[in-house]
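Me: I have a structure open and want to go through it by question and answer. Please keep the replies short.

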Amino acid sequence: MVSVEEVYHTAELAKIEISGEEAEKFRKEFESILDYFNILDEVEEDVEPTFQVLPLRNVFREDKPGECLSQDEALKNATHKEEGYFKGPRVVE
Amino acid sequence: MKIAEWKEKVENHGCYDAVAEMLDRIEKSKLNAYITVCRDQALRMAEKYDRGELNGRLAGVPVAVKDNISTKDVLTTCASKILSNYRPVFDAHVVERLKHEGAIIIGKANMDEFAMGTTTETSYYGVVRNPYDLERVAGGSSGGSGAVVAADEAVLSLGSDTGGSIRCPASFCGVYGLKPTYGLVSRYGLIPYANSLEQIGPMADCIEDLALLLEVIAGKDVRDSTNAGREFRFVPDEKRLKVGIVKEMGGNDEVMGRFNEVVEVIKQHHEVGEVSMPSFKYALAAYYIIAMSEASSNLARYDGVRYGFALEKLDSWRRYFSKVRAEGFGEEVKRRIMLGSYALSAGYYGKYYLKAQKVRTLVIRDFRRAFEQYDVLISPTMPALPFKIGELADPLTMYKADVNTVPINLAGLPALSVPVGFVKKLPVGLQVIGNYFSENTLLNFGKQVSELWSG
């Protein structure tokens with residue numbers, strides 16, 4: 001069972017504002033999807049997990065300075081900017 | 001259209017006229033396969049080709065690029081409102097390689113929003129229609145990349161495949177599509193959805209073209225730390241192979257009827273047996289848990305500050321981020337981010353995410369066992385014919401359509417979709433799965449199947 005409160009809590013974790021209508025819709029969908037995911041309860045615990053499929057370990061490159069973005073390029077896609085900086089929302093509430 | 005046919009056209013009419021004709025076809029098209037058409041840039045490149053100034057293995061060949069692959073100064077939206085104004089300041093590694101070989105990037109192909117979907121219906125820019133039936137979907141998430149190759153709105157295309165997103169549209173549009181081994185193609189500049197699963201791959205109208213495009217895009221790139229540093233070269237051969245039919249990968253009667261006919265044809269040249277993969281029962285659930293979890297982390301970057309959709313007024317950070325994301329993301333993307341956040345949240349990590357990664361180990365074991373016995377494995381690419389638009393309204397029903405394609409991404413293996421004719425006037429695809437870095441075997445086998453089937 002998934003409660004509306006859990007949906008709101010998850011939306012808060014994900015930083016997505018949702019309406020009451022959306023919360024109820026997501027609640028129903030999450031219930032059926034999570035119910036399907038419960039099939040994994042059958043899987044034995046005693047198996048090593050695989051987080052990535054390549055046999056790669058500690059991939060390094062040479063520490064050579066190269067070209068990087070100019071300040072203008074870095075700011076090109078930002079809507080809010082000021083004096084060569086990104087302008088973000090207030091962080092102290 | 002094959003590259004050979006395109007070259008003949010260019011020889012007869014010049015590259016400029018050939019490209020102009022293609023651009024006109026795109027303009028009149030009902031498929032909605034492009035988000036951005038690079039008209040001026042494509043025509044300029046064509047002129048350059050006609051002057052003899054464009055060289056390389058893809059010189060003068062129009063290529064469509066999926067809209068989650070970064071193209072410098074060209075809109076790259078991921079089919080999302082949240083990136084609807086985003087122009088990358090750099091090219092993806094694969095785009096650098098295309099340009100180096102003289103390819104003409106003709107446009108940015110429509111797709112499911114952030115590649116999350118099986119039908120291209122989640123695109124902010126509207127659904128891509130199937131070239132063989134406008135009331136049906138072209139597949140997803142690389143629906144635009146599949147449709148343009150089928151409808152001669154490009155000669156080649158690039159897609160990306162996280163759980164079947166190249167193979168599904170290849171199957172539904174009757175073209176060839178390859179999901180390469182994880183690490184063969186650099187993901188630098190591919191806007192991430194689920195990093196541990198996805199690869200960029202080629203789509204084309206014949207095996208030779210598919211192989212050439214893979215040769216161009218595969219190879220070393222230090223900017224992707226999961227890059228295997230391997231090159232790819234296509235070497236034709238006609239080996240007799242041991243072919244395993246995967247029992248757990250099936251389809252409805254229409255698809256299985258065709259699949260069984262194809263198997264009979266394959267038996268003329270190859271040894272065919274059956275193989276069972278018990279872990280596949282859990283693969284779909286494991287795939288979605290991993291993909292959603294990675295998505296919830298990856299898509300945290302969209303906050304309306306450094307790029308993308310922004311609100312006019314900056315507010316407190318919680319309210320601002322939550323509002324930007326509420327307005328900028330579509331429903332399926334929100335669903336996956338939230339389910340991923342849920343699966344990773346305190347108390348559920350062991351139940352969902354860790355368990356899913358254990359299933360991954362089991363899936364890899366099953367494949368390893370199968371490849372001790374067989375050279376390639378086969379199945380229908382999709383369990384059904386192209387869906388009607390709107391047919392998969394329920395999310396879980398849509399997820400289940402990926403049942404034959406997701407185990408490959410969990411294991412990081414390569415897989416090919418080969419068109420095997422039509423049922424009820426709709427294309428059907430055969431999926432061919434190979435061992436790690438066995439793309440050459442897959443392509444050669446795919447070529448044989450095509451020849452046997454059409455012959």
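The turns below cover the interface, the salt bridges and the nonpolar cores.

Me: What kind of model is this, and how are residues and chains labelled?

Reply: This is a predicted model, where local features need pLDDT of at least 70, side-chain atom pairs count only at pLDDT 80 or more, and totals for chains, interfaces and linings use all residues. Side-chain values use heavy atoms, without hydrogens and water, residues are numbered from 1 along each chain as its sequence is written, and chains are lettered from A and ligands numbered from 1 in the order in which they are written.

Me: How many residues of chain A and of chain B are in contact?

Reply: Contact means heavy atoms within 4.5 Å. By that rule, the two sides are 53 residues of chain A and 73 residues of chain B.

Me: What area do chain A and chain B bury between them?

Reply: Buried area is the accessible area (1.4 Å probe) that two parts lose on being put together, summed over both. Of this area, 66% is on carbon and sulfur atoms. In chain A, the residues that lose the most to chain B are A:Lys15, A:Leu40 and A:Asn77, together 12% of what that side buries. The area buried between the chains is about 5800 Å².

Me: How many salt bridges cross the interface of chain A and chain B?

Reply: A salt bridge is a side-chain nitrogen of Lys or Arg within 4 Å of a carboxyl oxygen of Asp or Glu. B:Lys281 and A:Glu42 form one, with their closest N and O atoms 2.9 Å apart. Over all chains the search finds 42. Across this interface the count is 10.

Me: Which element gives the most residues to the side of chain A that touches chain B?

Reply: Helices (H or I, at least four residues) and strands (E, at least two) are DSSP runs, numbered from the N terminus. Two elements of chain A give two or more residues to this side: helix H1 (4-13) and helix H2 (20-37). With 10 residues, the one that gives the most is H2(A).

Me: How far apart in helix H2 of chain A are A:Glu31 and A:Arg27?

Reply: Their side chains meet in a salt bridge (3.2 Å, N to O). A:Arg27 is buried (under 20% relative accessible area; exposed is over 50%, partly exposed in between, 1.4 Å probe, protein chains only), at 16%. A:Glu31 is partly exposed at 25%. They are separated by about one helical turn because they are four residues apart.

Me: Which parts of chain B does the pair B:Glu215 and B:Arg57 tie together?

Reply: The two side chains meet in a salt bridge of 2.9 Å, N to O. B:Glu215 is buried at 12%, whereas B:Arg57 is partly exposed at 31%. The pair ties together parts 158 residues apart in sequence: helix H7 (residues 207-217) and the loop between helix H3 (39-50) and strand S2 (62-66).

Me: Which helix gives the most to the largest nonpolar core?

Reply: A nonpolar core is a set of buried Ala, Val, Leu, Ile, Met, Phe, Trp, Tyr and Cys residues joined through side-chain atoms within 4.5 Å. The largest has 96 residues, of which B:Phe114, B:Phe367 and B:Leu377 touch the most other members. Giving 13 residues, the helix asked for is H9 (residues 280-298) of chain B.
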